[in-house]
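Let's take a walk through this protein model together. Have the sequence and the 3D view open as you read.

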Amino acid sequence: MSFVSQFKSLASEKTRDLRHRSVIRTALRSYEVVRDKRKAAFQSWESARQAAAETKWEAINHLDEHLVALTAKLEARGTKVHWASNGAQAREIISQILRDKKARSIIKSKAMTSEEIHLNHALEKEGYTVVESDLGEFIVQLRHEAPYHIVFPSMHLTRGEIKDLFQKELGDAPSDSPEDLTMVARRVMRQKYLTADVGFTGGNFAIAETGMISITENEGNARLTAALPKTMITLMGIEKVLPRFADLALFLPMLATAGAGQPMTCYNTMYSGPRQPGECDGPEEWHVVLLDNRRTELLANAEQRDSLHCIRCGACLNVCPIFRNVGGHTYGTTYSGPVGAVITPHLRGLQDWKHLSNASTLCGGCTEACPVKIDLHHHLLQNRRNASTSEPAFFEKLAYQTFAIVANEPAFWSLAKKIGWLTQPLQSLVKGTALDPAKAWTKTRELPPQPLESFKDWWKNRK
Amino acid sequence: MKNEEIILSEREKILGRIREALKVSAPLPGSHSEVAAHATTESPASHAREWLPSVGASGAEQFDLFAKNCADLKADFQLLNNREELPAALQKIAAAEKWSRIASHDGELSNFASVSLGLPVLLTDKGYDVQEMEKCDAGISECDALIAQTGGVVVTNRSAGGRALSVLPPHHIVLARREQLVADLPAAFALLQQKYADNYPSMISFITGPSRTGDIERILVLGAHGPKKLTILCF
Ligand code: SF4
């Protein structure tokens, strides 16, 4: 099945699924309320957004200099920096480290880049034990599923389903209370931290000035992942840089506010090296893998370059009427929602993924929600334009050309009007069926009846 | 040798693609909105203080704000009158939670506090056994700063006994002096820059409340992987 037909069939299934609707509604009900409260606490959220956008602009438009500075600082303190042009290279670099370290088990904290390169699958095939430590990621891992949302991976599941899952997979689920279930995961994970050979993390920001990688999380799982195993690996997109250490004073609260309506995420931790002389714990080795994976192609598109400013807060997903109706898995992509619809065509091919840019009401809610002011809904339009210029759809083109001829010629137009009026009763017989030429539209809508007298006739005949 | 070459060439390839891409310049942010993009030579974020949530001007107001933020975060904040009240405050928690052993680190305040409890103490400074730390009931550490604006605590592996002490035991006790309270996030970053300049500890962590998750139906649960409780004792 092609990506587009898969999207269409899943979307129509999910929009009719009342259970799915109610779960997503519950999950997002309080989000907008608490987020707006936190935004209102800012003295000026709008100025903060503008400054964040300008800071990211500066970072991305001098990306080469910042990456050079970042790696020099990181390497000066003993961190090993690797560069990967694509997913296969990144996977090979990581496998090589695991082979060198003779590692068996890996504890992971949340990293969307690892989903992007399908790392877990590759490592499991090579026989490694990989455990996701973020609770939401752990739950979807047990279900052999992709994360539903870039920030809330398991938001599509109810406590009852999670209880059944834990009972089946772990044989331990005292009740369906979120508290009890979280404690089950805590117990399971504790020993894994203490015994894992390698800790794996993503990165939220990379500070060029000081050579640090900043990781944002609520659970403390990334803190433990970066503290206990002997080797640490961090995989991060090249676009994550910020120029200065102090820029975090703006970005950390903005990420927390936009993403989850929190004043600050519970742990924001900046790492600048493996264990240094005189320090009592931490990994002996730290490997940072910088991933391109077609981000440079997006960079080359000046019009949409700002989509690399994304800090993956998830705000645009939360407010998107499409996301809320079709759900995260329907996209079939690592990054879903508006930002996924914008960047996936660049990362994975325009013709295969252009349908995501069509699945939009262009309400602009995403652009308004974005803390770094990415012009998301205009980018969706640009994707549509680029897709139809590079490969026009034959029937669409034909339809518009015919329309132009008919609409430009009064005689044709009145003939078309007459035909339309005469055939109108037939439409109700075939409405929404395969025989209906306007099926895609009339399936869920009523075609308004064509009046006997058109406006033009009325104007002509008026007294 | 061969591996080195591949690594180097990938680096050059990626940097090359970036430089090629950046030959065309991108529109300045905000060009689609009412707020005009202002060209500036200083850091756009350098005025963050004027936009972030406001903090009171006086020290007392800032302590009130810190206390209020801690309450919202479900962290326990106790403002003591002097250092001598510290042992009693700790004893009370230790008795209530029936502590039998604690983890801490070598520091003027942390030594004073942990010795006063009279319990077995695991010190992290010279290296330690993580399995042993896992059995401790609490981790007691000093800190670099408290932040009024967020109710947060700043620790580093240098100031707070390593990377694990503040996250592995189920209860994290932070010891702080009143003068360690800073107004806002920009002040906290300025303090770190001034204190560590070119020799940053390899880990700096902004801790804002006890560990939490909302991954099950977005319902808040404390103590996901890190400590279930965070207590800040300040005098
Ligand atoms: S595009 Fe903006 S709103 Fe969407 S995830 Fe990225 S930063 Fe957040």
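Which residues are linked with A:Glu239 in a network of salt bridges? They are A:Glu116, A:Arg295 and A:Arg312. Keep in mind that what you're looking at is a predicted model.

## Salt bridges in chain A

Let's zoom in on one link of that network. The side chains of A:Arg312 and A:Glu239 form a salt bridge, with N and O 3.6 Å apart. A:Arg312 sits in the loop between helix H13 (295-300) and H14 of chain A, while A:Glu239 sits in the loop between strand E7 (231-237) and strand E8 (241-242), so this pair ties together parts that are 73 residues apart in sequence. Are these two residues buried or exposed? Both A:Arg312 and A:Glu239 turn out to be buried.

Now try another pair, A:Glu92 and A:Arg99, whose side chains meet in a salt bridge of 2.8 Å, N to O. A:Glu92 has a relative accessible area of 41%, so it counts as partly exposed. A:Arg99 is partly exposed too, at 37% relative accessibility. Over all chains, the structure holds 36 salt bridges.

## A salt bridge in chain B

Chain B has salt bridges to look at as well. In one of them, B:Glu108 pairs with B:Arg83, and their closest N and O atoms are 2.6 Å apart. B:Glu108 is in helix H5 (residues 108-117) of chain B and B:Arg83 is in the loop between strand E1 (76-79) and helix H4 (86-97), so the pair ties together parts that are 25 residues apart in sequence.

How accessible are the two partners? B:Glu108 has 48% relative accessibility, so it counts as partly exposed. B:Arg83 has a relative accessible area of 23%, and that makes it partly exposed as well.

## Where two domains of chain A meet

Time to step back a bit. The domain assignment splits chain A into domain 1 (1-41 + 309-391), domain 2 (48-293) and domain 3 (406-462). Notice that domain 1 is written as two stretches of the chain. Taken over C-alpha atoms, the centres of domain 1 and domain 2 of chain A are 23 Å apart. Where they touch, 34 residues of domain 1 are in contact with 38 residues of domain 2. Together these two domains of chain A bury about 3000 Å², with 62% of that on carbon and sulfur atoms. On the domain 1 side, A:His309, A:Ile311 and A:His329 lose the most area to domain 2, together 22% of what that side buries.

What about polar links? Between domain 1 and domain 2 of chain A there are two salt bridges, plus 11 residue pairs in polar contact, counting pairs with both residues at pLDDT 80 or more. On the side of domain 1 that touches domain 2, H2 of chain A gives the largest share, with 11 residues. By type, the residues on that side of domain 1 come out as 17 nonpolar, 10 polar and seven charged. You can also find a salt bridge between the side chains of A:Glu161 and A:Arg19, at 2.9 Å, N to O.

## A close look at A:His20

Stay with H2 for a moment, since there's a histidine worth finding. A:His20 is in helix H2 (residues 18-41) of chain A. Is A:His20 buried or exposed? Its relative accessible area is 3%, so A:His20 is buried.

A:His20 and A:Tyr148 have side chains joined by a polar contact of 2.6 Å. Setting aside neighbours within four places in sequence, the residues in contact with A:His20 include A:Lys14, A:Arg324, A:Asn325, A:Val326 and A:Gly327.

## Where chain A meets chain B

Finally, look at the two chains side by side. How many residues of chain A are in contact with chain B? There are 107 of them, and they touch 87 residues of chain B. The area buried between the two chains is about 8100 Å², and carbon and sulfur atoms give 60% of it. A:Trp83, A:Arg186 and A:Arg223 supply 9% of the area that chain A buries against chain B, more than any other three residues.

Five salt bridges run between chain A and chain B. One pair to look up is B:Arg19 and A:Asp64, in a salt bridge whose closest N and O atoms are 3.1 Å apart. Helix H10 (residues 178-195) of chain A gives the most to the side of chain A that touches chain B, with 12 residues. That side of chain A divides into 52 nonpolar, 32 polar and 23 charged residues.

Notes: Residues numbered from 1 in each chain as written. Chains lettered and ligands numbered in written order. Predicted model: local features only at pLDDT ≥ 70, side-chain atom pairs only at ≥ 80, totals over all residues. Heavy atoms only, no water. Helix = DSSP H or I, 4+ residues; strand = E, 2+ residues; numbered from the N terminus. Buried < 20%, exposed > 50% of the residue type's maximum accessible area, 1.4 Å probe, protein only. Polar contact = N/O pair within 3.5 Å; in protein donor to acceptor, adjacent residues only side chain to side chain. Contact = heavy atoms within 4.5 Å. Domains from an automatic or database assignment. Buried area = accessible area lost by both parts, 1.4 Å probe. Salt bridge = Lys/Arg side-chain N within 4 Å of Asp/Glu carboxyl O. Nonpolar A, V, L, I, M, F, W, Y, C, P; charged D, E, K, R; others polar.
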